[in-house]
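User: Please take a close look at one part of this protein for me. I would like to see how a sheet and the elements around it are put together.

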Amino acid sequence: MTTQTVLVVNSGSSSIKYQLVELGTGAAVASGVVERIGEPTGSLRHVHGGTTTERELHIPDHGEGLRRVLSLFEVAGPDLAEANVVAVGHRVVQGGMAFDGPVLVDAEVERKIDELSALAPLHNPANLTGIRVGRALLPDVPHVAVFDTAFFHHLPAAAATYAIDREVAATYKVRRYGAHGTSHQFVSHGVAEFLGRDLAATRTIVLHLGNGASVSAVDGGHAVDTSMGLTPLEGLVMGTRTGDIDPAVVFHLSRNAGMSIDEIDDLLNRRSGLKGLTGHNDLREVHDLVESGDEDARLAVDVYTRRIKKYIGSYAAVMGGVDVIAFTAGVGENDDIVRARSLDGLQGFGIEIDLERNAGRKKEPTVISTDASATTVVVYPTNEELAIARQALDVVRDR
């Protein structure tokens, strides 16, 4: 039987990331990125068979970017016509209450994704552009939208509801939607299988720590809480985002600093978090500053890990305990300092890590807790592209 593949497309505001996933093995047959779309000079990088092909040229729009991607498949391989592509899976950030799982794209789905752009103005328009361009260039392959918010669609009302005027909330669709759901679902389900646990009886806290960061409480395979809210700004301290903050800060800066809403938006989303505290959003650089004796950097790490610790405690309380804590994504998989600091002092709650097991980067699922720890702590690498590919295949099979 010929191996099936899914082309996964993640279209951003000025970039297109893609991966051709072989479904039998879960391996990336080819991958690449188109960057600086719309700028005077853009770039393309395509990796296949150990060979990297790079181009620098003007890429005026996403249509031209995706056309260039398809031509690279022809030139550098593999030939998509011979790769048995059964679907194209598109990442979409915001599915609102309209979508609780992946869907086959048609005109009505496109319309709803466009309508939901008010809730994700930086993401949904770009995601939709990638879908429209992809459908035009690959019309004979089914296209599937996979939503970041879908895993959190059925959060308990007490978790999803903000305590504001009900009519205002209903009119403007204000509620907790979450994000990174594809990763949280992949990791929470995968770690149960890795540990040989019954998913239905497992309480898991997933820490998706990257430049953007979020945490979820997953009870019996179902999300019961998550840190990101109406937007990805809420929750953990991130590379450039504040995470949790008193909403009155907005009023204070408007009234006393004369800052506009757009200026405050830029401050909280792009000039805060680790970058606001240290000038750097990359934790590797922050750790270097700590080593050099920089007190601002030391405080930043304290703030960052303290927030994680607070969420672990609150989500353990929500679920009545925790069986597994899983670290994932760029920081979660590679930063042993953050992992250790985030769990330090939780021994009284039955959470103990083994410093030797924790040391270094983890490319494979790894238990880092002690044998005596009541809660198992695992580093479990995420693979959102594989998760999107699998969900896309499920939709195509069910047609």
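The answer below starts with one sheet and then moves to other parts of the chain.

Analyst: Keep in mind that this is a predicted model. Start with the open sheet of six strands. Its strand order is 11-10-9-12-14-13, and the pairing is mixed. Which strands stand at the edges? They are strand 11, residues 222-226, and strand 13, residues 366-367. Each has a single partner strand, so one side of each has no neighbour in the sheet.

Now move inward. Strand 12 covers residues 324-328, and strand 14 covers residues 376-379. These two pair in the parallel sense, over four bridges. Find Phe327 and follow its bridge into strand 14: the partner there is Val379. Helix 13, residues 336-343, packs on this sheet. Helix 13 touches strand 9 (203-209), strand 12 and strand 14. The direction of helix 13 makes about 150° with that of strand 12.

Next, look at a pair of helices. Helix 10 spans residues 283-291, and helix 11 spans residues 295-319. Their axes are 8 Å apart, and the packing angle is about 130°. Angles over 145 degrees would count as roughly antiparallel, and 65 to 115 as roughly perpendicular. Helix 10 and helix 11 are therefore oblique to each other. Which residues make the contact? Helix 10 brings Leu283, Val286, His287, Leu289 and Val290. Helix 11 brings Ala297, Arg298, Val301 and Tyr304. By class, this contact has seven nonpolar residues, one polar and one charged.

A pocket comes next. The second largest pocket has a volume of about 320 Å³. Two helices each supply at least two residues of its lining: helix 6 (181-195) and helix 15 (384-397). Which helix gives the largest share? Helix 6 does, with seven residues. Among the lining residues are Thr182, Phe186, His189, Tyr380, Arg390 and Asp394. Sorted by class, the lining of this pocket has four nonpolar, five polar and three charged residues.

Compare the first sheet with another one. An open sheet of eight strands has the order 5-4-3-2-1-6-8-7. Its pairing is mixed. Strand 5 (51-57) and strand 7 (103-104) stand at the edges. Each of these has a single partner strand, so one side of each is left without a neighbour in the sheet. Further in, strand 6 (residues 85-92) and strand 8 (residues 143-147) pair in the parallel sense over five bridges. Trace one of them from Arg91: its bridge partner in strand 8 is Val146.

Two loops deserve a last look. In the loop between helix 1 (62-76) and strand 6, you will find Pro78. The peptide bond from Gly77 to Pro78 is cis, with omega near -10°. The other loop lies between strand 3 (28-35) and strand 4 (42-48), and it holds Arg36. Arg36 is not a glycine, yet it has a positive phi of about 60°.

Note on methods
Residues numbered from 1 in each chain as written. Predicted model: local features only at pLDDT ≥ 70, side-chain atom pairs only at ≥ 80, totals over all residues. Heavy atoms only, no water. Axes fitted to C-alpha atoms, helices over the stretch in contact; angles between N-to-C directions. Parallel < 35°, antiparallel > 145°, perpendicular 65-115°, else oblique. Contact = heavy atoms within 4.5 Å. Nonpolar A, V, L, I, M, F, W, Y, C, P; charged D, E, K, R; others polar. Pairing = 2+ DSSP bridges. 1 Å grid on protein atoms, 1.4 Å probe; cavity = no way out; pocket = protein on both sides within 12 Å on 5 of 7 lines; lining within 4 Å. Points joined across faces, edges and corners; volume = space filled by probe spheres on them.
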